[in-house]
Amino acid sequence: MRCRGNGVVDLSMILRAVPPTNVNTGKLMPLSMYMKPGEDYDLVINGKVFPVQWAETIPNYALLVRVVASMSASGEVLSSLRGNTALSYYLKQPVEVIGSNEVRVLRGRVDLISFRDDVGLLLEHCRAGNPNPMDQEMGPATNITDSPMPAAPIEVNLDFLPVNERHEFTRILKGEPRSMEASLRQPFLNFFAFHIAFWEECGPDSDAPMDYYFTTPLSQLRLVGIYKDDYAAFVVAASAFQPLSRLIYDREFSNDFSFSVVTDRFDQLMLKKKEMWFRIIENYGCSGRIQNTFRKAVNNDLPYFEYKDGSRRVLVEYERTSFELNLPQPLKLEMSRQIGAAEIASVNDAIFNNSYPSQVLRSIAIGNFAQVGRLEADLTEVASNPFAGNPNNAMSKFLSSAMAVDTAMRRQSNIITAYAIARMHILGKCGDDTLTYQQDRIYWTDYTNGLGQYVGSSAPTYQTDYAEIPLKFNDVVKSQNSITASDFLSREVGAVVSKLSCRSRLRRQLEDNMIAYFKGRDPAHIAPISGN
């Protein structure tokens with residue numbers, strides 16, 4: 001691949017056709033193909049046809065041919081190089097097998113895993129109209145004696161680890177490939193376990209520059225500090241892990257356990273990995289060359305991610321396979337940083353307790369809308385599987401799906417409505433325009449005999465309820481279609497409101513974010529709970 005200087009890239013590609021074996025003699029049969037210099041031949045690259053010309057035929061037991069082509073650096077093929085495990089191509093011109101009616105096809109393939117980033121940089125250079133970097137005049141030679149010597153390889157003694165773990169951690173440190181039998185989830189678990197262990201053991205007292213991440217698909221994790229250089233990789237990996245794990249599970253040939261059981265087992269495995277990292281930190285400390293080498297090694301051991309900030313699509317590529325994911329929520333790295341910073345700075349959590357309604361209000365107040373979804377999912381799982389049975393049975397699946405749809409449509413309208421009513425009852429208008437809702441209810445009692453058969457009803461009792469709410473919550477209350485709440489919900493929401501005031505910054509922050517959350521927008525505020 002070479003930049004011509006005007007946005008055009010010259011390519012040189014090797015194609016190969018393997019001859020069949022003669023069943024009588026056991027020898028390879030000769031191949032024949034004539035390509036005329038200067039003529040165009042059709043090369044199919046990832047399903048698209050491009051003209052190429054013959055350059056040379058290379059002596060070999062197989063037929064090896066080098067072809068050349070030119071194409072725009074901004075064209076479809078070269079624009080799609082990032083994100084393809086390999087660039088595959090074949091020549092439409094058939095190859096004749098001498099002495100047989102068979103034909104062969106010249107094919108080629110370039111794996112981009114190891115040098116994809118270099119290709120990307122070169123293409124950016126070419127698209128800008130620059131000449132090939134290697135064509136530029138070389139600078140003055142450097143005195144070898146003045147050049148820094150490469151760092152000596154690190155020798156790390158891991159004898160304090162169990163033998164099987166010692167082999168795995170040594171492999172990671174040396175950058176060696178995983179075995180074919182190893183789970184595709186393994187590099188994620190090592191990566192998560194390293195960062196969680198470092199944060200728990202060293203992070204709060206570390207001088208290393210860190211960003212913070214809150215709310216992940218990992219059941220053990222809520223808030224963790226990450227090296228700034230590793231932040232994007234951690235957020236993408238944590239966001240992709242559960243959807244990827246599900247796809248891996250569905251592709252596996254057989255599964256003896258349900259997905260939830262498999263997930264629990266991998267969670268337990270990650271905890272064991274974390275204990276191993278604790279041992280390494282205990283032996284080698286929280287800083288230094290060894291720790292930094294391990295940090296880079298677990299990052300390099302991850303598969304390749306292709307993603308775009310603000311998008312839900314993530315491509316995950318291993319050496320031999322790839323997965324295209326569609327995340328539940330778009331990746332928003334800068335917003336994740338802001339939310340993490342707000343979470344770690346939230347020092348006045350006395351306003352909120354650990355009940356579900358209170359934690360929903362807390363997450364909305366900070367602007368951590370993703371955490372609201374996590375709380376919903378946890379509640380749905382418990383409610384749809386109350387006796388901790390098999391969550392994959394038909395009834396649990398039905399209840400889980402039905403509740404997920406219901407909560408998605410309601411957008412916590414029951415909690416927000418209860419807040420709006422409690423706000424008016426406890427704090428008053430606070431300068432807001434208001435409106436009054438009226439709700440009529442009818443009560444009666446049905447009577448049955450000893451066989452459960454209906455025999456009659458009591459006279460109906462009529463009751464009218466009124467509730468004044470701030471006007472800005474009108475859409476929420478209309479969607480809820482009720483101004484009554486359970487005693488539990490009224491009590492929990494009222495406990496939060498009673499700790500606020502009309503002049504409270506936190507009250508305004510919470511209410512603005514409630515409206516944004518209900519309407520499916522980004523948070524109006526991302527800020528810590530620092531006081532009332």
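Which residues are buried in α9? Pro 357, Ser 358, Gln 359, Val 360, Leu 361, Arg 362, Ser 363, Ile 364, Ala 365 and Ile 366 are. The model behind this answer is predicted.

## Helix α9

Helix α9 runs over residues 356-366. Of its 11 residues, 10 are buried, so the helix is largely enclosed by the rest of the structure. The buried set mixes side-chain types: it includes Val 360 and Leu 361, and also Arg 362 and Gln 359.

Gly 367 follows α9. The phi of Gly 367 is positive, near 100°.

## Helix α7

Helix α7 covers residues 289-300. How far should its 12 residues span, at 1.5 Å a residue? The expected value is 16 Å, and the end C-alpha atoms are 16 Å apart, which agrees.

The buried residues of α7 are Ile 290, Gln 291, Phe 294, Arg 295, Ala 297 and Val 298. They cover an arc of only 165° around the axis, so they sit on the same side of α7. What do these buried residues pack against? Their partners are α3, α4 (186-201), β10 (223-227) and α6 (259-284).

Arg 295 is one of the buried residues of α7. Its charged end sits over the ring of Tyr 227. The distance to the ring centre is 4.2 Å.

## Arg 171 in helix α3

Helix α3 spans residues 163-174 and contains Arg 171. Is Arg 171 buried or exposed? Its relative accessibility is 8%; the cut-off for buried is under 20%, so Arg 171 counts as buried.

The side chain of Arg 171 has a polar partner: the side chain of Asp 301, at 3.1 Å. Leaving aside residues up to four places away in sequence, Arg 171 touches Glu 176, Pro 177, Arg 178 and Asp 301. Asp 301 thus appears both as a polar contact and among the residues touched.

## Aromatic pairs

How many aromatic pairs does the structure hold? The count is 19. In one of them, the rings of Phe 191 and Phe 192 have centres 6.1 Å apart. Their planes lie at 55°, so this pair is tilted. Phe 191 is buried, at 0% relative accessible area. Phe 192 is buried too, with a value of 0%.

Ring pairs also build a cluster. Its members are Phe 188, Phe 191, Phe 192, Tyr 213, Tyr 231, Phe 234, Phe 241 and Phe 305. The tilted pair of Phe 191 and Phe 192 therefore has both its residues in this cluster.

## Two loop residues

Asn 6 lies in the loop between β1 (2-3) and β2 (8-17). Asn 6 is exposed, with a relative accessible area of 53%. Which separation do the C-alpha atoms of Asn 6 and Gly 129 show? They are separated by 4.6 Å, although the two residues are 123 residues apart along the chain.

Ser 482 belongs to the loop between α13 (474-480) and α14 (487-497). Its relative accessible area is 18%, and Ser 482 is buried. The cut-off matters here: buried means under 20%. The side chain of Ser 482 makes a polar contact with the side chain of Thr 484, at 3.0 Å. Beyond residues up to four places away in sequence, Ser 482 touches Thr 417, Gln 439 and Val 477.

Conventions:
Residues are numbered from 1 along each chain as its sequence is written. This is a predicted model: local features need pLDDT of at least 70, side-chain atom pairs count only at pLDDT 80 or more; totals for chains, interfaces and linings use all residues. Side-chain values use heavy atoms; hydrogens and water are left out. Helices (H or I, at least four residues) and strands (E, at least two) are DSSP runs, numbered from the N terminus. Buried means under 20% relative accessible area, exposed over 50%, partly exposed in between (1.4 Å probe, protein chains only). A polar contact is a pair of N or O atoms within 3.5 Å; within protein, one must be able to donate a hydrogen and the other to accept it, and residues adjacent in sequence count only if both atoms are side-chain atoms. Contact means heavy atoms within 4.5 Å. Rings of Phe, Tyr and Trp (its six-membered ring) pair if their centres lie within 6.5 Å; planes under 30 degrees apart count as stacked, over 60 as edge-to-face and the rest as tilted. A charge sits over a ring if NZ of Lys or CZ of Arg is within 6 Å of the ring centre and within 35 degrees of the ring normal. The expected span of a helix is 1.5 Å times one less than its number of residues. The arc is that of the directions from the helix axis to the C-beta atoms.
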